[in-house]
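This report is meant for someone looking at the structure for the first time. Please keep the sequence and the model in view while reading.

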Amino acid sequence: MENITNYKILEYSAPNGVHPQPITTKVLEKLGMLCYYYTGDNGSSPNRTFINGKMVSHKVIAFPISSFGKYASFLKMKKGGKTEDEVKRWLFSIVYYVVKNRTLRLIYSHPYDIPLYPNALREFWDYVNTLKNKGIIQVKPMSYFATLLLRFLNTKYSINFSNKRITIVNKEGLEGITLALPKDFVIKDLPYGVTLKEEEGYQYITITKAFSANKLDIFFN
């Protein structure tokens with residue numbers, strides 16, 4: 001596939017969801033893949049899966065599906081008697097949850113399932129695109145978020161209350177890393193490329209691509 005597409009394959013989708021652990025993930029790691037869709041850990045945010053109390057891989061991120069009760073795909077929902085209005089409300093509820101909790105979720109189905117719920121999916125995509133255009137939500141490939149999560153996991157931080165300083169470091173770069181701090185932390189003199197937004201008791205400091213250094217010091221009162 002890589003020879004045909006001239007593109008490094010970083011994502012994996014198991015046939016019929018059959019993904020024996022840990023052997024399949026170990027193979028993906030050897031092949032240099034970053035992520036896979038997963039029928040385990042149903043409803044969870046992307047994670048590094050554990051089997052028998054041990055982490056399967058430090059380098060490959062699992063993206064669990066978000067099911068509608070016991071139904072994973074639109075075809076299964078249709079066979080289970082779910083109405084278009086019920087599916088629409090389920091789709092919108094996932095978006096509400098993601099926005100409110102600043103988290104990630106994977107919705108899984110097949111292209112040939114789309115005609116089963118055309119109006120629900122059309123309204124869902126219109127809503128998601130509206131939020132996307134406003135900068136409220138992101139819709140990206142699994143590999144994009146896997147890269148961010150792996151960079152986040154490799155980011156080191158320290159808090160010095162004597163000097164009132166927070167330091168975060170990552171030799172691979174800090175773009176996309178966000179810190180959530182209580183509102184009573186008075187932040188001082190953020191550098192160019194670092195943004196601050198207050199929301200529901202917290203202030204979120206996000207490092208954008210305009211900040212090129214691998215280390216950031218944040219001072220507070």
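The paragraphs below take up a sheet, the nonpolar cores and a surface patch in turn.

The model is a predicted one, and the description that follows should be read with that in mind. Its sheet is open and built from four strands, which pair in the antiparallel sense and lie in the order S6-S7-S12-S9. At the edges of this sheet are strand S6, covering 156-160, and strand S9, covering 187-188, each of which pairs on one side only.

The table lists the strand pairs of this sheet with their bridges and one pair of opposite residues for each.

| Strand pair | Sense and bridges | Opposite residues |
|---|---|---|
| S6 and S7 | antiparallel, five bridges | Tyr-157 and Ile-168 |
| S7 and S12 | antiparallel, five bridges | Arg-165 and Phe-219 |
| S9 and S12 | antiparallel, two bridges | Lys-188 and Phe-219 |

Strand S7 takes up residues 165-169, while strand S12 takes up residues 215-220. In strand S12, Phe-219 stands opposite Arg-165, and Phe-219 also stands opposite Lys-188. Strands S6 and S7 form a hairpin with four residues between them, and in this hairpin Lys-164 has a positive phi near 50°.

Turning to the interior, the largest nonpolar core contains 18 residues, and those with the most contacts inside it are Phe-74, Met-77, Val-87, Trp-90 and Leu-91. Two or more residues of this core come from each of helix H3 (74-79), helix H4 (84-101) and helix H5 (118-133), and H4 gives the most, with seven residues. What does Leu-91 touch, if residues up to four places away in sequence are not counted? Leu-91 is in contact with Phe-74, Ile-107, Ala-120, Leu-121 and Phe-124. Separate from this core is a second one of 15 residues, which includes Leu-179, Phe-185, Ile-218 and Phe-220.

On the surface, Ile-23, Val-27 and Leu-31 make a nonpolar patch of about 280 Å². Leu-31 is found in the loop that lies between helix H2 (23-30) and strand S2 (35-38). Is Leu-31 buried, partly exposed or exposed? Leu-31 counts as partly exposed because its relative accessibility is 49%, and the class of exposed residues begins over 50%.

Note on methods
Residues numbered from 1 in each chain as written. Predicted model: local features only at pLDDT ≥ 70, side-chain atom pairs only at ≥ 80, totals over all residues. Heavy atoms only, no water. Pairing = 2+ DSSP bridges. Core = buried A, V, L, I, M, F, W, Y, C linked by side-chain atoms within 4.5 Å. Buried < 20%, exposed > 50% of the residue type's maximum accessible area, 1.4 Å probe, protein only. Contact = heavy atoms within 4.5 Å. Patch = residues over 30% accessible without salt bridge, like charges linked within 9 Å, V, L, I, M, F, W, Y side chains within 5 Å. Areas by Shrake-Rupley, 256 points an atom, 1.4 Å probe, with all protein chains shown as cover. Salt bridge = Lys/Arg side-chain N within 4 Å of Asp/Glu carboxyl O.
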